[in-house]
Amino acid sequence: MEKFVCTFFREVATYLAADGSVHPARRAAQEEVADEIRRKVPQVVIAHSLGSVVAYEALWAHPDIHVDLFLTVGSPLALPHAVLHRLEPAAIGAGRGARPPGVRKWVNIADPGDLVAIPRGAIPRHFAQVEPEDAEKAIHAFDFHKAANYLACAATARALSDLGPGRN
């Protein structure tokens, strides 16, 4: 899996250095996300692909940031041997991560055909306090990893509507 990620997803391999080091660009990305959330004060943070990794780490690094919903789509957070064991903070007790402290609700949406979001259902298995919304049908036949297709799917609409009126 590690070689696959290094070959096809170089930005993930660069962000999560294989040698265990933390590159200053990784910290800078987390700080930029945290600063933007502080400026905009959103109730919802939607994070796609590698952005879900950066947002997850930023929310953990800044527990003073509070959001009603952290919505991850097409996320590689639970990708074994490539992402999961390199996260900050590291998974604790039985190798499980957890919902960042300032997040009221975390929903993950993963298309069953999305190679980045494999293995299917892994985020709820590897992270406590996550509500899975794995799509039972493909979000899109060919472009299943595109953010636009995740944003347009029924599971995303459900997650957002669960916040209630005026909360989106």
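Which elements make a right-handed β-α-β unit? In this predicted model, the unit is made by strand 1, helix 4 (residues 50-61) and strand 2. Strand 1 spans residues 44-48 and strand 2 spans residues 67-73. The two strands run parallel and are joined by five bridges. Within this pairing, Val44 is positioned opposite Leu69 of strand 2.

The connection from helix 4 to strand 2 is a loop that contains His62. His62 has a relative accessibility of 11% and therefore counts as buried, the cut-off for this class being under 20%. When neighbours within four places in sequence are set aside, the contacts of His62 are with Glu31, Ala34 and Arg38.

Val67 belongs to strand 2. Its relative accessibility is 3%, so Val67 is also classed as buried. With residues up to four places away in sequence not counted, Val67 touches Ile37, Pro42, Gln43 and Val45, and also Gly102, Val103 and Arg104. Among these contacts, Val45 falls within the residue range 44-48 of strand 1. A further relation links Val67 to Pro100: the two residues are separated by 33 residues in sequence, and their C-alpha atoms lie 10.0 Å apart in space.

In summary, the β-α-β unit combines parallel strands 1 and 2 with helix 4 in a right-handed arrangement. Buried residues are found both in the loop that follows helix 4, as shown by His62, and in strand 2, as shown by Val67.

Definitions and conventions:
Residues numbered from 1 in each chain as written. Predicted model: local features only at pLDDT ≥ 70, side-chain atom pairs only at ≥ 80, totals over all residues. Heavy atoms only, no water. Pairing = 2+ DSSP bridges. Helix = DSSP H or I, 4+ residues; strand = E, 2+ residues; numbered from the N terminus. Right-handed = clockwise from strand over helix to strand, strands pointing away. Buried < 20%, exposed > 50% of the residue type's maximum accessible area, 1.4 Å probe, protein only. Contact = heavy atoms within 4.5 Å.
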